[in-house]
Amino acid sequence: MRIFYITTPIYYPNAPPHIGHAYTTIYADVLARYHRLIGDDVFFMTGNDEHGLKLQRVAEKKGVHPKELVDEMAEVYKKYWSLLDISYDHFIRTTDPYHEKVVKEAINKLYKKGLMYKASYSGWYCVDCEKFYSPGEYIEKEGKPYCPIHNKPLELLEEETYYFKLSEFEDYMKDVLANKDIVYPKSYATEILHKIEKEGLRDVSIARPKERVWWGIEVPFDKNYTVYVWFDALLNYVSGIGYLEDEEKFKKYWPNVHHVIGKDILWFHTAIWFSVLKALEIEPPKKLLVHAFLINRGLKIGKSAGNVIAIEDLIERYQDSDGVRYILMRIFNMSKDVDVTTELFDSIYNSELADTLGNLVRRVGVLAKKKLGGKIYKREVERELGARVEEALEKYIKYMNEFDVSLAINIVMDLLREANAYINKTRPWEKTDPGKELYSLLETIRYASIMLYPVIPKAVHKISEAFGFKIVNPLETQLGGVERYNVVNAPILFRKIQSKQ
Ligand code: MSP
């Protein structure tokens, strides 16, 4: 059995998740569901990044203890992920005791290896990113340094801290980025490689004085410091699968880890993460799947830009999680930012889910009941349509294995369009026994449904119940694999959206 471990970034619970977080999480969920469908042993992990100055400040502003805030928000995140039908196996929180223990042990290891030293640090900090920016990285406005992502003034910090000797890993990083096929799409690896070639790898501060940032994991060898939130957070990927606790579990999942991230956190997930792993004598991840941004009015969608699109509004507009999941995966783009507009979302929903999939299922369901009383016995599948199904499956598997969900979806939609054209051409409603046509169509719908299952699980369950087939591993079924369909109803899966807003 193949093993597939997939992670999302762990999110800062300073606010509820929005469409951008949903984009990442749904993508990871689709890959997790796909791998379960093809029989892999899957472990899918998401969670929250609960320490650091950002959370400390939000809690202070609200007048609550940060732990109270993050406890409350963990439930909020879980509620949203359940609304979106996210099938995670584990929800990790960086305040979980087992995680805190791993962070302490890891930092001790680095310290003992001589990979840390104390020195003073001064630099420009963005609290929203929880990151220092060097000259050349930040933008300037009226002579003042600003965060290029959040468009907010940076804060100047000067303090004694502990450094991690990142510079020692420069050659290792260059080699990994140039020669190992980890980062996908590859252009992101090249981008980081060029940055390291240009600027080198500088040591990074991985501790904060407690008097400034008290909301964090205490540095085990100096109680006046807390661990830098990014160092704490990255380790979730190993603590969540039993690192230093359950060696068997760790050994099973780690070699098969796939991290899904947005491009904003690429530096942390390459230069810093791969180096920390190397320092801990752990292999780099198998794959780092990086996607671009959802944007609105030219800006990355986010709380700071004030252009957030709420998940509940999307679910309401597209009636259920399936509509939202489908739209976001249909536009999913790893290399290019995608502009989010209601017109685009409505048109995808209407033309593909309502008119193509929904309409086909409804027509075939109605015809099957009316013409043959819902009982459609196995016949020879019409040759041309059958060939299309097999071709589609082959391409779908190829794209899904290459993590290209949107291309895989397009393949299925093309197949469904062919099936609609086939009905129009063969006119089964005019025949006394349209058994062959309907069986061929039902087989096509069965395959298309199974292929879409990772994206729209609820709708596919409805189809499988209405028509009487099982959602099985698409690699282990065959055309003509159903002896008899028992069509009990003709569901209306997606109601069209009429109004323009
Ligand atoms: N806590 C860190 C991650 C630590 S992982 C060890 C963090 N959290 S975050 O809450 O800011 O979430 C960042 C992630 O949310 C991005 O990497 C991306 O996956 C997703 N997105 C947030 N806004 C987005 C868009 N507008 N578009 C696409 N993805 C976006 O960073």
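**Exercise 1. Which polar backbone atom is 3.2 Å from an oxygen atom of the ligand?** Work out how the protein surrounds the ligand.

*Solution.* Keep in mind that this is a predicted model.

Step 1: start with the oxygen. The partner is a polar backbone atom of Gly 262, 3.2 Å from an oxygen atom of the ligand.

Step 2: check how well the ligand is covered. On its own it has 670 Å² of accessible area, and the protein covers 95% of that.

Step 3: see which elements pitch in. α1 (19-37), α7 (229-234) and α8 (236-239) each give two or more residues to the shell, and α1 gives the most, with 4 residues.

Step 4: go to the ligand nitrogens. One lies 2.8 Å from a polar backbone atom of Ile 10, and a ligand nitrogen is also 3.4 Å from a polar backbone atom of Gly 20.

Step 5: look at the whole shell. There are 25 residues around the ligand, with Ile 10, Thr 24, Asp 49, Leu 294 and Ile 301 the closest. By type, 14 are nonpolar, 8 polar and 3 charged.

**Exercise 2. Find the buried side of α4 and check the helix's length.**

*Solution.* Step 1: do the length. α4 runs over residues 97-112, so its 16 residues should span 22 Å at 1.5 Å a residue; the end C-alpha atoms sit 23 Å apart, which agrees.

Step 2: pick out the buried residues of α4: His 99, Val 102, Val 103, Ala 106, Ile 107 and Leu 110.

Step 3: place them around the axis. Their arc is only 125 degrees, so they lie on the same side of α4. The spacing makes sense: an α-helix has 3.6 residues a turn, so residues three or four places apart point the same way.

Step 4: flip to the face turned away from the buried side. Exposed Pro 97 and Lys 112 are there.

Step 5: step past the helix. Gly 114 follows α4, with a positive phi near 75 degrees.

Definitions and conventions. Residues numbered from 1 in each chain as written. Predicted model: local features only at pLDDT ≥ 70, side-chain atom pairs only at ≥ 80, totals over all residues. Heavy atoms only, no water. Near = heavy atom within 4 Å. Polar contact = N/O pair within 3.5 Å; in protein donor to acceptor, adjacent residues only side chain to side chain. Areas by Shrake-Rupley, 256 points an atom, 1.4 Å probe, with all protein chains shown as cover. Nonpolar A, V, L, I, M, F, W, Y, C, P; charged D, E, K, R; others polar. Expected span 1.5 Å × (residues − 1). Buried < 20%, exposed > 50% of the residue type's maximum accessible area, 1.4 Å probe, protein only. Arc of directions from axis to C-beta.
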